[in-house]
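Here is a friendly walk through one chain, from its overall build down to single residue pairs. Take a look at the structure first, and then read on.

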Amino acid sequence: IVKFGEFSLDMDSYVLKKHGEIINLSPKELEIVVYLIKNSGKKKSQEEIYEAVWGSSYGDISTVSVHIRRIRKKIEDNTQDPRYIKTSHGFGYFFQGDDNDI
């Protein structure tokens, strides 16, 4: 189980909870969260995320940004200034927990 902020993520069962309550994420949203957490602090391009989650390097990679936006709506207090899933402008995304997280 990985903890960050008020969240806990069971990496085996793919269940994300906030204060013990399950956060309803789609399977792909959960896969993105798990992938970013496993690569915490490392910038990942949309292409890398797409390939890791969808299993292909070909396809509509814009779905990555759509999924990131949906995830942020569900877990971030302020989607304009996200605490966990950060944007690396011109490159992609990365997960950043607090100093005592993960």
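Of the 102 residues in this predicted model, 39% count as buried. The chain exposes about 6,000 Å², and carbon and sulfur atoms supply 44% of that area. If you like to think in terms of charge, there are 15 positive and 16 negative side chains. The centres of these two sets lie 2 Å apart.

How is the chain built up? You will find three helices and seven strands in it. Along the sequence they follow the pattern β-β-β-β-α-β-α-α-β-β. The radius of gyration is 13 Å, close to the 13 Å that the globule rule gives for 102 residues, so the chain is as compact as a globular protein of that length. Along its principal axes, the C-alpha trace spans about 35 × 25 × 20 Å. As for contacts with a separation of 6 or more, 44% of them are accounted for by residues 24 or more positions apart.

Now to the sheet. Strands of a sheet pair through backbone hydrogen bonds, either parallel or antiparallel. Which order do the strands take here? Four strands form an open sheet with the order β1-β2-β3-β4, and their pairing is antiparallel. At the edges stand β1 (2-4) and β4 (21-22), each with a single partner strand, so one side of each is left without a neighbour in the sheet.

Two of the strand pairs can be set side by side:

| Strand pair | Bridges | Direction | Residues between the strands | Positive phi |
|---|---|---|---|---|
| β1 and β2 (residues 7-10) | three | antiparallel | two | Gly-5, near 55° |
| β2 and β3 (residues 15-18) | four | antiparallel | four | Tyr-14, near 55° |

Both rows describe hairpins, one of β1 and β2 and one of β2 and β3. If you plan to check backbone torsions, the positive phi values to look up belong to Gly-5 and Tyr-14.

At the level of single residues, what stands opposite Lys-3 in β2? That place is taken by Ser-8. Next along β1, Phe-4 stands opposite Phe-7 of β2. Phe-7 can also be followed across to β3, where its bridge partner is Lys-18. Phe-7 therefore offers a handy route through the sheet, with Phe-4 opposite it in one pairing and Lys-18 as its partner in β3.

Conventions. Residues are numbered from 1 along each chain as its sequence is written. This is a predicted model: local features need pLDDT of at least 70, side-chain atom pairs count only at pLDDT 80 or more; totals for chains, interfaces and linings use all residues. Side-chain values use heavy atoms; hydrogens and water are left out. The radius of gyration is taken over C-alpha atoms; the globule rule is 2.2 Å times the number of residues to the power 0.38. Buried means under 20% relative accessible area, exposed over 50%, partly exposed in between (1.4 Å probe, protein chains only). Contact means heavy atoms within 4.5 Å. Accessible areas come from the Shrake-Rupley method with a 1.4 Å probe; for residues, only the protein chains shown count as cover. Lys and Arg count as positive and Asp and Glu as negative; His and the chain ends are not counted. The place of a charge is taken as NZ of Lys, CZ of Arg, CG of Asp or CD of Glu. Two strands pair if DSSP finds at least two bridges between them.
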